[in-house]
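Biologist: Could you take me through this structure, beginning with its overall make-up and then its contacts and empty spaces?

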Amino acid sequence: MQASPPATHQETVRFAFNSSLPIFFGYVILGTGYGLYMHNLGFDFWFPTIMAAVVYGGSVEFILASMLVQSFLPGNVVLITLVVGFRQFFYGLSMLKKYRGAGWRKFFLIYGLTDETFVVNYSLSIPKEYDRYSVYTLISLFDHSYWILGAFLGGALGSLVGKQIPGMDFVMTALFIALAVDQFQKEKDHLSSTSGVIVTIACLLVFGKTYFLVATLLVLVVEYAIIYWRREKRGTKNDAD
Amino acid sequence: MTLTEQIICIALAALANFATRLTPFLLFRTEAATPDFVTGLGKFLPAAIMGMLVIYCYRNVNWLGGTHGLPEVIAGVVTVIVHLWKHSLFLTLIVGTLCYMLLINFVF
């Protein structure tokens with residue numbers, strides 16, 4: 001059997017574009033919701049557009065937008081972003097091998113490592129005739145542009161309508177509820193989800209609106225440390241038996 | 001916040017978000033080199049964060065006065081039901097948000 005000749009640049013772009021298509025619809029629609037959400041908070045269309053380009057993280061941008069209309073607490077912004085984006089750390093871990101050797105393109109690959117791009121690039125099987133680094137990079141860039149496009153459309157749509165639409169802000173609540181329901185259905189035990197809800201409510205009551213997220217995160221990490229420590233202790237005891 | 005303060009926050013969030021994606025590439029050469037505690041935390045935290053973000057969205061609800069959070073709770077329940085029923089993120093977002101808009105504009 002003869003090996004297929006390397007794909008042309010055009011073929012590579014087409015392959016990457018087709019692989020990214022499912023994300024197109026998702027990102028444009030969610031991005032539009034996000035653009036509208038920011039419009040409703042009182043921002044011009046270029047705010048969501050630039051944030052989509054620079055920050056590039058769905059949940060993080062919603063939360064950030066809601067923090068931009070509160071008092072200036074840069075430390076809070078950094079901590080919340082780190083924690084909400086924490087899961088991306090594990091996407092990076094899973095992609096260490098696949099992205100090794102990508103050279104200058106690695107910056108774009110890492111910058112664009114969102115939930116959706118991770119899922120596509122992680123599970124994609126690339127025929128031999130394509131340069132896989134080019135495919136990964138193009139998919140990452142396509143996805144990023146869909147998100148920017150969606151945010152722009154939402155912001156622009158908001159500007160066209162002009163006034164704020166009362167109740168539009170519920171789109172963020174609905175997003176997180178949907179994600180929480182998905183998480184709840186796929187997990188084996190509900191300790192973490194229920195802790196998240198209960199600890200957050202408790203911290204909101206005790207610490208108030210400004211600091212409850214930070215407090216919640218600390219409590220959750222301590223909770224996990226205790227679970228980890230107890231499991232370790234049990235593990236070493238079993239080994240001794 | 002002033003415009004400058006907003007730009008600072010956006011830049012910080014962009015850096016922090018990029019940092020969560022970049023760190024594994026700086027720290028580890030293989031997945032196996034990650035400490036157990038970190039891996040375990042990565043399995044434990046995301047579910048809790050989802051719950052936390054839902055509560056975050058409800059932080060401004062006035063439970064004791066006004067509409068007592070009824071529109072927020074009703075729209076939230078509708079969102080859960082639609083999502084359990086169809087499992088389509090976009091349908092859920094559209095129905096949930098429309099439901100809330102109708103409730104606060106015409107019912108309450």
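Modeller: The answers below cover the fold, the interface, the salt bridges and the empty spaces. This is a predicted model, in which local features need pLDDT of at least 70, side-chain atom pairs count only at pLDDT 80 or more, and totals for chains, interfaces and linings use all residues. Residues are numbered from 1 along each chain as its sequence is written, chains are lettered from A and ligands numbered from 1 in the order written, and side-chain values use heavy atoms, with hydrogens and water left out.

Biologist: How many helices and strands does chain A have?

Modeller: Chain A has eleven helices and zero strands, taken as DSSP runs numbered from the N terminus (helices H or I, at least four residues; strands E, at least two). Its C-alpha trace spans about 70 × 65 × 30 Å along the principal axes.

Biologist: How many residues does each chain bring to the contact?

Modeller: Chain A brings 85 residues and chain B 65, where contact means heavy atoms within 4.5 Å. About 7,000 Å² is buried between the two chains, and carbon and sulfur atoms give 80% of that; buried area is the accessible area (1.4 Å probe) that two parts lose on being put together, summed over both. Phe72(A), Phe170(A) and Tyr224(A) supply 10% of the area that chain A buries against chain B, more than any other three residues.

Biologist: Which helix of chain A gives the most to that side?

Modeller: Helix 9 of chain A does, with 15 residues. By class, the side of chain A that touches chain B has 58 nonpolar, 20 polar and seven charged residues. Here Ala, Val, Leu, Ile, Met, Phe, Trp, Tyr, Cys and Pro count as nonpolar, Asp, Glu, Lys and Arg as charged, and the others, Gly among them, as polar.

Biologist: How many salt bridges cross the interface of chain A and chain B?

Modeller: The rule finds zero there, a salt bridge being a side-chain nitrogen of Lys or Arg within 4 Å of a carboxyl oxygen of Asp or Glu. Over all chains the count comes to two. Asp115(A) forms a salt bridge with Arg87(A), their closest N and O atoms being 2.8 Å apart. Asp115(A) lies in helix 7 and Arg87(A) in helix 5 of chain A, so the pair ties together parts that are 28 residues apart in sequence.

Biologist: Turning to empty space, how many cavities of 30 Å³ or more are found?

Modeller: The search of the whole structure finds one. On a 1 Å grid over the protein atoms alone, a cavity is a set of points where a 1.4 Å probe fits but cannot get out, and a pocket is an open set with protein on both sides within 12 Å along at least five of seven lines; lining residues have an atom within 4 Å of a point. Grid points are joined across faces, edges and corners, and a volume is the space filled by probe spheres set on the points. The largest cavity holds about 30 Å³, and helix 3 and helix 4 of chain A each give two or more residues to its lining.

Biologist: What is the volume of the second largest pocket?

Modeller: That pocket has a volume of about 520 Å³. Among its 25 lining residues, the closest to the centre are Val197(A), Ile201(A), Val54(B), Ile55(B) and Tyr58(B). Helix 10 of chain A gives the largest share of the lining, six residues.
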